[in-house]
Structure formats: C-alpha cells, structure tokens
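Colleague: I'd like to learn how to read a model like this one. Could you walk me through it, one feature at a time?

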Amino acid sequence: MGAKPEQIQRYREVVAEFPVEDLPPLEIAYWLIKPRTLVRGTWDEPKEAAAWLGERLTEHAFRFACEAQRDTAHLALLVNSSVDKLSWGGDVSLSFYLERPSYLSVALVTCSPNLAHPELACPVLA
C-alpha cells in the first residue's frame with residue numbers, strides 16, 4: 001500500500017520545518033544544521049563546554065521530575081563524564097522530564113569535524 005496524500009503532505013511539512021525548529025533531532029550531529037539562533041555558545045575546550053552544561057543543569061535541577069536526578073553528585077558526574085566524551089570527539093545529549101508538563105533537552109555537539117557526520121559544518125557565531 002502506498003502513502004496517502006495527507007501523509008505525504010505531512011512528511012513534506014516536517015522535512016521543511018525540521019531545520020528551523022528547536023526540537024531535538026534523532027541524531028545529535030543534526031543540531032549542526034539548525035539555525036545559528038539556536039546555538040547557545042561555542043567553546044574551544046571540553047571543560048568550558050561542560051561548565052556551561054553544569055550551569056544549565058543547576059539552573060533547572062530544582063524542577064527535575066525525578067528527585068534522584070536533582071542530586072548534586074549525580075549532576076557533577078554528568079558534567080565530568082561530558083568532559084571525557086567531548087575530549088575524544090563524542091557528542092553529549094541529556095534530557096530530563098521537568099515538573100509541570102515540560103521537558104529539558106541539552107546537547108553539546110563536537111565539530112571540526114563531527115565524528116558521526118564530518119560533512120556537517122560548525123556554526124559560527126557573530
């Protein structure tokens with residue numbers, strides 16, 4: 001059976017919207033095709049990027065739906081492990097359900113080049 005016309009139309013809409021929407025992609029590297037307006041920062045060193053990540057986690061931790069994820073030791077472990085992963089060129093993606101119907105998604109994407117998709121260019125902030 002083939003796709004229905006409305007399914008084809010919806011697919012076309014999603015393909016057109018994806019690059020400009022702030023919804024997290026299925027593959028972390030595809031953040032690199034999103035608009036620069038969605039980039040919150042660039043860093044030359046993994047520790048700098050991890051520090052930013054730690055600030056975001058601390059900023060939202062009081063709203064994490066899972067109390068165990070609010071633990072400062074747990075958050076420190078996430079930040080420290082992100083330094084290790086970024087150091088060898090890996091990407092970091094963390095997501096948390098928040099109290100009240102909300103969801104936090106934070107990603108650190110390596111580039112120059114990205115290991116998963118070396119063809120994707122790094123964003124340049126003005």
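Modeller: Sure, we'll go from the overall layout to the pocket, the disulfide and a few single residues. Keep in mind that this is a predicted model, where local features need pLDDT of at least 70 and side-chain atom pairs count only at pLDDT 80 or more, while totals for chains, interfaces and linings use all residues. Residues are numbered from 1 along each chain as its sequence is written, and side-chain values use heavy atoms, with hydrogens and water left out.

Colleague: Let's start with the layout. How many helices and strands does the protein have?

Modeller: Helices (H or I, at least four residues) and strands (E, at least two) are DSSP runs, numbered from the N terminus. Here there are 3 helices and 2 strands, in the order α-α-α-β-β from the N terminus on. The C-alpha trace spans about 50 × 35 × 30 Å along its principal axes.

Colleague: And what share of the residues counts as buried?

Modeller: Buried means under 20% relative accessible area, exposed over 50%, and partly exposed in between (1.4 Å probe, protein chains only). Of the 126 residues, 28% count as buried. You can also look at contacts, meaning heavy atoms within 4.5 Å. Among contacts between residues at least 6 apart in sequence, 55% join residues at least 24 apart.

Colleague: Now the empty space. What is the volume of the largest pocket?

Modeller: The general idea first: rolling a probe the size of a water molecule over the atoms shows where empty space is left. On a 1 Å grid over the protein atoms alone, a pocket is an open set of points where a 1.4 Å probe fits, with protein on both sides within 12 Å along at least five of seven lines; lining residues have an atom within 4 Å of a point. Grid points are joined across faces, edges and corners, and the volume is the space filled by probe spheres set on the points. The largest pocket comes to about 900 Å³. It has 31 lining residues, and the closest to its centre are G41, W43, A107, L108 and V109.

Colleague: Which elements supply at least two residues each of that lining?

Modeller: Those are α2 (46–60) and β2 (102–108). By type, the lining divides into 19 nonpolar, 5 polar and 7 charged residues. In that count, Ala, Val, Leu, Ile, Met, Phe, Trp, Tyr, Cys and Pro are nonpolar, Asp, Glu, Lys and Arg are charged, and the others, Gly among them, are polar.

Colleague: On to cysteines. Which residues does the disulfide join?

Modeller: A disulfide is a pair of cysteine sulfur atoms within 2.5 Å. The structure holds 1, and it joins C111 to C122, with S to S at 2.1 Å. The link is right-handed, with 135° about the S-S bond. Both C111 and C122 lie in the segment after β2, so the pair ties together parts that are 11 residues apart in sequence.

Colleague: Why do C111 and C122 count as partly exposed?

Modeller: C111 does because its relative accessibility is 28%, and C122 because its value is 22%.

Colleague: I noticed something odd at S112. What should I look at there?

Modeller: Most residues other than glycine have a negative phi, and most peptide bonds are trans. In S112, phi is near 75°, a positive value. The peptide bond from S112 to P113 is cis, with omega near -15°. S112 is exposed because its relative accessibility is 65%.

Colleague: Is H117 buried or exposed?

Modeller: H117 is buried, because its relative accessibility is 12%. Its side chain makes a polar contact of 2.8 Å with that of E27. A polar contact is a pair of N or O atoms within 3.5 Å; within protein, one must be able to donate a hydrogen and the other to accept it, and residues adjacent in sequence count only if both atoms are side-chain atoms. Not counting residues up to four places away in sequence, H117 touches E27, A29 and Y30.

Colleague: And which residues does L104 touch?

Modeller: L104 sits in strand β2 and is buried, with a relative accessible area of 11%. Leaving out residues up to four places away in sequence, L104 touches H60, F64, L94, S95, F96 and L98.
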